[in-house]
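Here is a short note on the assembly, set out as numbered points. The symmetry comes before the contact, and the single chain is left to the end.

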Protein chains: 2
Amino acid sequence: MNIVVLGAGNLAHYFCTALAANKQFRILQVYARNPEQAQYFNQTFQIPVTSDPDAIIRDATIYLFAVNDGAVSELASLIQRPQALNIHCAGSQSTQLTAASGNRNAVIWPIYSITKTTQPLESIPLIVDGNSPEAIELAQQLALAVSDNVRTLNFEQRKYLHLNAVLVNNFANHLMAIAEQVSREHQIDFEILMPIINQTAQRIKDQSPQQLQTGPAKRNDTATMAAHLELLSAHPEWQEVYQSLSASIAAMYRPEQA
Amino acid sequence: MNIVVLGAGNLAHYFCTALAANKQFRILQVYARNPEQAQYFNQTFQIPVTSDPDAIIRDATIYLFAVNDGAVSELASLIQRPQALNIHCAGSQSTQLTAASGNRNAVIWPIYSITKTTQPLESIPLIVDGNSPEAIELAQQLALAVSDNVRTLNFEQRKYLHLNAVLVNNFANHLMAIAEQVSREHQIDFEILMPIINQTAQRIKDQSPQQLQTGPAKRNDTATMAAHLELLSAHPEWQEVYQSLSASIAAMYRPEQA
């Protein structure tokens, strides 16, 4: 099956790498708005490229919109192909995001921060959805050519999964960014925290994070919590983070207190 | 050098495992309040044990207080040995926590969640402090017999490091516990998040978390943030967590907005 990849960022790179040697799916063309990025793709993958929307090949079976969430709709309106399957990668958005391009719309959404160095062999979870059983099935086939970890979730579930990804990636990363800055301000080597950060992520493979919870908020150690808030007095926004997380831990483990 | 280990929990287990074959340090005795736990230590490590405070050996060089933070002071007052070095493991506490036992006081504090299965070979960071250069040096020697990752930090730094450990362990774990519950409530397999959780922890080995930050709060995507808050409407305490972390991210990356 023939694919046109629209976009030349990390996601496009990931799909091109994954499909480079695939027999079932063949990337006909990469469209990149920026001619330099287009050239990079041509040199790296020997795929024909264009940076002219009018030169986008019109008879592919699949159009893969590997661009920023906000750019999908506009690009879809540029290439109207009622018979092709449009796939976008904006997991928290409806399949209708590509509706301006045609009637068959689907999503393939990696639950991972894809960068230029991401190796497709890592079994990254790919979430699939579509606006018809046929659209879902074809998107699943493509996803299975890229990863062996493919799941189908409906729009409602995808919204909650997107929220969850924000919690465990963006927010957990911000906690580490605060710890990094606290370390810097007090001449502590941030490196000291690497093993426990790694442990925090690793141990939930075998045990539920809800069961693993420890710390002053869990055991209602008000003296330690007050001392920590005092240490954060120069950063009121971090005090808010500390208090809201401690209150949420209290609500989860001591609901009678809430 | 002869050591008496006071306590029979995970920390005592960790030190006994680490020192089992050591030539420089020898554990003379384990004191466990609970006779059954004492027997477990005797059977596992062939170390003499007692559950009678009066039978604690009085002429050891080092007394290692491997008990809960709250129990250290009381236990220290039971075994007064002015010449011995007292070491406790409550990292966020002053070395004076064992002062009731004698004049030479130190800390060895693992930055890790120590459990029965923790292998000492994992190079767990051990933080050392003491109330004199001699106390620090002897505690360092003992720590180096247990781990090759030993650092000395003063009391002020230890307090901030303890706060940091709460951020990256207790609070990050709670975010995962929320995600686990959201997944359960919406029939999403929590397993889907394992690769990105692992990635969040792994990638900061090479890059600063402050540089790695992404997500709706970072890019001021107010529509997505409002949608997420709506998804959390049944859990006001999680909405608070979401808002405080988003506000803190805004303050870190867009201080002009604060």
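1. In this predicted model, a turn of 180 degrees with a shift of 0.0 Å along the axis lays chain B on chain A, with an RMSD of 0.1 Å. The relation is therefore that of a two-fold axis. Within chain B, A172(B) has the C-alpha nearest the axis, at a distance of 2.6 Å.

2. The contact is made by 80 residues from chain A and 80 residues from chain B. Of the interface residues of chain B, 100% are also interface residues in chain A, so the copies meet through the same surface.

3. About 7900 Å² is buried between chain B and chain A, and carbon and sulfur atoms give 68% of that area.

4. On polar pairing, the count between the two chains is 36 residue pairs in polar contact, with both residues at pLDDT 80 or more. The elements of chain B that give two or more residues to the side touching chain A are α5 (155–185), α6 (194–202), α7 (209–212), α8 (222–231) and α9 (236–253). Helix α5(B) supplies the largest share of that side, 27 residues. By residue class, the side of chain B that touches chain A holds 43 nonpolar, 27 polar and 10 charged residues.

5. Side chains of opposite charge can pair when their charged atoms come close. Between chain B and chain A the count is 2 salt bridges. One of them links D189(B) with R151(A), and the closest N and O atoms of this pair are 2.8 Å apart.

6. Over all chains, the structure holds 8 salt bridges. As for where the D189(B) pair sits, D189(B) is in the loop between α5 and α6 of chain B, while R151(A) is in strand β8 (residues 150–152) of chain A, so the pair joins two chains.

7. Turning to the single chain, chain A has 9 helices and 8 strands. Its radius of gyration is 23 Å, whereas the globule rule gives 18 Å for 258 residues; the value for chain A is well over that, so the chain is more spread out than a compact globule. The C-alpha trace of chain A spans about 70 × 40 × 30 Å along its principal axes.

Terms used: Residues numbered from 1 in each chain as written. Chains lettered and ligands numbered in written order. Heavy atoms only, no water. Contact = heavy atoms within 4.5 Å. Buried area = accessible area lost by both parts, 1.4 Å probe. Salt bridge = Lys/Arg side-chain N within 4 Å of Asp/Glu carboxyl O. Polar contact = N/O pair within 3.5 Å; in protein donor to acceptor, adjacent residues only side chain to side chain. Helix = DSSP H or I, 4+ residues; strand = E, 2+ residues; numbered from the N terminus. Nonpolar A, V, L, I, M, F, W, Y, C, P; charged D, E, K, R; others polar. Least-squares fit on C-alpha atoms with pLDDT ≥ 70 in both. Rg over C-alpha atoms; globule rule 2.2 N^0.38 Å.
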